[in-house]
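Please open the model in your viewer and keep the selection panel at hand. The stops below go from one sheet to its charged pairs, and then to a loop and the chain as a whole.

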Amino acid sequence: MECCSLESDWIYFHPDASGRIIHVGPNQVKVLKLNEIENNSGQHQISEDFVILANRENKNENLPTVTASGRVIKKKFNLLDDDPEQETFKIVDYEDELDLLSVVAVTQIDAEGKAHLDFHCNEYGTLLKSIPLVESWDVTYSHEVYFDRDLVLHIEQKPSRVFSCYVYQMVCDPGEEEETTNSS
């Protein structure tokens with residue numbers, strides 16, 4: 001994974017026992033497959049199964065600036081992939097009973113961080129549901145998010161060993177259920 005960031009990317013075998021590999025960077029999650037080479041059964045190659053990309057704005061900062069005297073100043077700089085003002089992936093987890101990948105994405109807006117929890121289809125990577133987390137997300141604190149069936153727990157460790165626990169209970173919206181059955 002080509003990325004320019006202060007924090008390292010991480011890679012691990014998918015917990016669904018499919019033999020796939022999850023590679024997480026600051027702005028993308030790649031689910032990779034190990035495929036056996038047809039002619040040589042002892043060797044394997046890696047191919048992409050699917051990729052989940054962060055929702056980012058492509059800011060074109062290469063526009064020239066003109067001073068009062070008429071001199072043209074060209075700005076050219078590249079942002080890091082884990083720039084806090086852009087959406088960045090912080091937590092990726094797998095829920096085995098529902099066969100879903102959960103991804104926590106954070107964006108720092110002014111002094112406050114906003115996070116949302118996205119549920120993706122484990123087979124194709126399709127976004128199924130996005131849940132905004134109500135509390136602010138300070139990237140300097142330690143965070144953990146646990147998801148099991150209809151419960152989401154967000155545990156935040158603040159300075160001086162102060163912990164906050166936020167509990168979300170998911171409920172079925174009858175309107176969404178009707179839309180799903182009508183579109184099938």
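Two strands count as paired if DSSP finds at least two bridges between them, and this criterion underlies the first stops of the tour through what is a predicted model.

**The four-stranded sheet**

Begin by selecting the strands E1 to E4, which form an open sheet in the order E1-E2-E3-E4 with antiparallel pairing. Strand E1 (10-13) and E4 stand at the edges with a single partner strand each, so one side of each is left without a neighbour in the sheet. If you look along the strands, neighbouring ones are turned by 20 degrees against each other on average, direction being ignored. Strands of a sheet pair through backbone hydrogen bonds, in either a parallel or an antiparallel sense.

Now restrict the selection to E3 and E4, which pair in the antiparallel sense over nine bridges. Within this pair, pick Leu 34, which lies in strand E3, and then its bridge partner in E4, Ile 46. Leu 34 counts as partly exposed, at 39% relative accessibility. Add Phe 13 to the selection and show the surface: Phe 13, Leu 34 and Ile 46 form a nonpolar patch there, with about 320 Å² of accessible area together.

**Charged pairs**

How many salt bridges does the structure hold? There are seven salt bridges, and three of them can be visited in turn here.

Stay with the sheet and select Glu 48 and Lys 30, which form a salt bridge whose closest N and O atoms are 3.4 Å apart. Because Glu 48 lies in strand E4 (residues 44-53) and Lys 30 in strand E3 (residues 28-36), the pair ties together parts that are 18 residues apart in sequence. Glu 48 is partly exposed, with a relative accessible area of 48%, whereas Lys 30, at 17%, counts as buried; the cut-off for buried is under 20%.

Next, select Asp 16 and Arg 20, where the closest N and O atoms of the salt bridge are 2.9 Å apart. Arg 20 counts as buried, at 8% relative accessibility. Extend the selection to Lys 33 and Asp 49, and you will have a network of salt bridges that links Asp 16, Arg 20, Lys 33 and Asp 49.

Further along the chain, select Lys 158 and Glu 156, whose side chains meet in a salt bridge at 4.0 Å, N to O. Here Lys 158 counts as partly exposed, at 29% relative accessibility, while Glu 156 is buried, with a relative accessible area of 3%.

**The loop after E4**

Move to Ala 54, which is found in the loop between E4 and strand E5 (65-66). Is Ala 54 buried or partly exposed? At 13% relative accessibility, Ala 54 counts as buried. Leaving aside residues up to four places away in sequence, Ala 54 touches Asn 27, Glu 87 and Phe 89. A distance label between the C-alpha atoms of Ala 54 and Pro 26, which are 28 residues apart along the chain, should read 8.3 Å.

**The whole chain**

Finally, clear the selection and colour by secondary structure: the protein chain has one helix and 13 strands, and its sequence pattern, β-β-β-β-β-β-β-β-β-β-β-β-β-α, ends with the helix. Of the 184 residues in the protein chain, 32% are buried. Among contacts with a separation of 6 or more, 35% are accounted for by residues 24 or more positions apart. The accessible surface comes to about 12,500 Å², and 50% of that surface belongs to carbon and sulfur atoms.

Terms used. Residues are numbered from 1 along each chain as its sequence is written. This is a predicted model: local features need pLDDT of at least 70, side-chain atom pairs count only at pLDDT 80 or more; totals for chains, interfaces and linings use all residues. Side-chain values use heavy atoms; hydrogens and water are left out. Buried means under 20% relative accessible area, exposed over 50%, partly exposed in between (1.4 Å probe, protein chains only). Helices (H or I, at least four residues) and strands (E, at least two) are DSSP runs, numbered from the N terminus. Contact means heavy atoms within 4.5 Å. Axes are lines fitted to C-alpha atoms, for helices over the stretch in contact, and angles run from 0 to 180 degrees between N-to-C directions. Patches are made of residues with over 30% relative accessible area and no salt bridge: like charges are joined within 9 Å, nonpolar side chains (Val, Leu, Ile, Met, Phe, Trp, Tyr) within 5 Å. Accessible areas come from the Shrake-Rupley method with a 1.4 Å probe; for residues, only the protein chains shown count as cover.
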